[in-house]
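Got your viewer open? Here is a tour, stop by stop, with something to select each time.

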Amino acid sequence: MGLIVKNVEKSFSTKKVVDNINFEIQKPGVYGLLGTNGAGKTTTIRMILGILKKDSGEITWNGKEVQRKHVNFGYLPEERGVYPKTKVHDQLMYFAKLKGMKKETAEERMQYWAKRLEIEQYLQMTPEKLSKGNQQKVQFITAILHDPELLVLDEPFSGLDPVNTELLKNVILELIKKGTYIIMSSHQMHSIEEFASDVLILNKGKTVLQGNLKEIKEQYAANRLALNTTENVDNLIKQANLEIYNSKNNEYMINISGEEDGYRLFDLLAQNHIKVEKFEIMKPSLHDIFIEKVGEE
């Protein structure tokens with residue numbers, strides 16, 4: 001049954017920060033919740049988790065009105081926070097007990113996730129001695145230690161280096177396979193695009209776009225061409241009346257108005273016996289769509 005958010009609104013004083021939003025998450029996986037700063041994402045998340053009360057509308061989890069006792073959730077907020085002078089092991093155990101976990105179960109899961117996220121050597125250290133990235137991994141473990149059904153990740157990759165980003169991505173894939181429902185909010189559009197099958201974009205508290213990401217992208221014409229060649233083809237691209245968006249070492253990103261532009265350039269390259277290593281006609285990215293929709297508002 002999953003999560004259903006129906007006609008939900010929230011105001012602070014006279015300012016409406018969430019204005020009649022609707023969406024459903026009916027199967028495990030990642031749902032992308034996007035918006036600019038102040039768009040209403042965090043308020044929406046806190047209402048879903050029962051941290052804030054909504055003014056109107058319905059939020060149900062597995063058919064029951066959202067209350068803390070009905071939702072086994074995990075939450076990684078955008079605002080990072082660990083107790084700097086309390087040993088990692090002790091504070092993870094503290095949060096596990098708050099979630100009602102038995103000590104033996106909590107210890108077992110703590111050791112598993114610490115090893116999985118490569119911080120087992122830091123369990124007896126205080127977070128103030130850890131890097132930002134490792135502190136973030138501690139907080140991530142806090143969010144998943146109790147095996148939540150619904151997990152909310154707000155900017156989960158912020159502050160992580162590429163190696164740890166990849167590590168966390170693999171953990172998220174593992175959680176999805178286990179059947180976890182995940183709401184992910186991020187300004188890193190490529191991360192959302194990598195995981196989310198469905199998205200909702202908020203602007204000033206209102207929904208400006210929502211639905212299946214693949215279906216949304218199918219509504220758009222191709223707008224970019226990625227081209228790699230063994231030699232410089234600037235003149236041929238100009239001859240085809242196309243604009244180079246970016247280029248480096250004979251690797252080109254070219255603006256096009258549709259697939260026909262790409263095929264026209266391909267014919268020109270073939271006529272001039274140019275060796276093509278990569279030729280990919282691309283739909284707008286989620287980043288492009290986000291900028292368009294938020295810009296319209």
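Which element gives the most to the lining of the largest pocket? Select H4: with four residues, H4 is the top contributor to that lining. Before you go on, keep in mind that this is a predicted model.

**Stop 1: the largest pocket**

Stay with H4, which spans 132–144, and add strand E6 (73–76) and helix H2 (88–98); each of the three supplies at least two residues of the largest pocket's lining. The volume here is about 490 Å³. To find the middle, pick Tyr75, Phe95, Leu98, Lys99 and Thr142, the closest to the pocket's centre among the 20 residues that line it. Colour the lining by class and you get 10 nonpolar, six polar and four charged residues.

**Stop 2: helix H2**

Now show the side chains of H2. Which residues of H2 are buried? Pick Val88, His89, Gln91, Leu92, Met93 and Ala96. Then bring up helix H3 (103–116) and H4, which are among the things covering those buried residues. Past H2 comes glycine 100, and its phi is positive, near 85°.

**Stop 3: an open sheet**

Switch to cartoon view and select E1, E2, E4 and E5. These four strands make an open sheet in the order E2-E1-E4-E5, with antiparallel pairing. E2 and strand E5 (64–65) are the edge strands, each with a single partner, so one side of each has no neighbour in the sheet.

Zoom in on E5 and strand E4 (residues 56–61): two bridges pair them, in the antiparallel sense. Which residue stands opposite lysine 64 of E5? Select tryptophan 61.

While you're at E5, click glutamate 65 and lysine 54. Their side chains meet in a salt bridge, 2.6 Å from N to O. Glutamate 65 belongs to E5, while lysine 54 sits in the loop between helix H1 (41–48) and E4, so the pair ties together parts 11 residues apart in sequence. Both ends are partly exposed: glutamate 65 has a relative accessible area of 32%, and lysine 54 has one of 26%.

**Stop 4: E9 and its partners**

Next, select strand E9 (residues 198–203). Five of its six residues are buried, so the rest of the structure largely encloses E9. Add E3, and you'll see a parallel pairing with E9 over five bridges. Within it, tyrosine 31 stands opposite aspartate 198 of E9.

Now add strand E10 (residues 206–212). E10 runs antiparallel to E9, and six bridges join them. One pair to pick out is valine 199 with its bridge partner in E10, glycine 211. E9 and E10 form a hairpin with two residues between them, and in the turn lysine 204 has a positive phi of about 55°.

**Stop 5: a long-range salt bridge**

How many salt bridges does a search of the whole structure find? The total is 12. Start with aspartate 19 and lysine 206, whose side chains meet at 3.0 Å, N to O. This pair links distant parts of the chain, with aspartate 19 in strand E2 and lysine 206 in strand E10, 187 residues apart. Is each partner buried or exposed? Aspartate 19 is buried, at 18% relative accessible area, whereas lysine 206 is partly exposed at 43%.

For another one, jump to lysine 278 and glutamate 280, where the closest N and O atoms of the salt bridge are 3.8 Å apart. Here lysine 278 is partly exposed at 36% relative accessibility, and glutamate 280 is partly exposed too, at 38%.

**Stop 6: the second largest pocket**

Head back to E3 (29–35) and show strand E2 (15–25) with it: these are the elements that give two or more residues to the lining of the second largest pocket. E3 provides the largest share, three residues. The pocket's volume is about 200 Å³. Its lining includes Glu24, Pro28, Tyr31, Phe195 and Asp198, and by class it has six nonpolar, three polar and three charged residues.

**Last stop: lysine 169**

Finally, select lysine 169 in helix H5 (residues 162–177). Lysine 169 counts as buried, at 10% relative accessibility. What is lysine 169 in contact with, leaving aside its neighbours within four places in sequence? Show Phe157, Ser191, Glu194 and Phe195 to see those contacts. Phe195 should look familiar: that residue also lines the second largest pocket.

Note on methods: Residues are numbered from 1 along each chain as its sequence is written. This is a predicted model: local features need pLDDT of at least 70, side-chain atom pairs count only at pLDDT 80 or more; totals for chains, interfaces and linings use all residues. Side-chain values use heavy atoms; hydrogens and water are left out. On a 1 Å grid over the protein atoms alone, a cavity is a set of points where a 1.4 Å probe fits but cannot get out, and a pocket is an open set with protein on both sides within 12 Å along at least five of seven lines; lining residues have an atom within 4 Å of a point. Grid points are joined across faces, edges and corners, and a volume is the space filled by probe spheres set on the points. Ala, Val, Leu, Ile, Met, Phe, Trp, Tyr, Cys and Pro count as nonpolar, Asp, Glu, Lys and Arg as charged, and the others, Gly among them, as polar. Two strands pair if DSSP finds at least two bridges between them. Buried means under 20% relative accessible area, exposed over 50%, partly exposed in between (1.4 Å probe, protein chains only). Contact means heavy atoms within 4.5 Å. A salt bridge is a side-chain nitrogen of Lys or Arg within 4 Å of a carboxyl oxygen of Asp or Glu.
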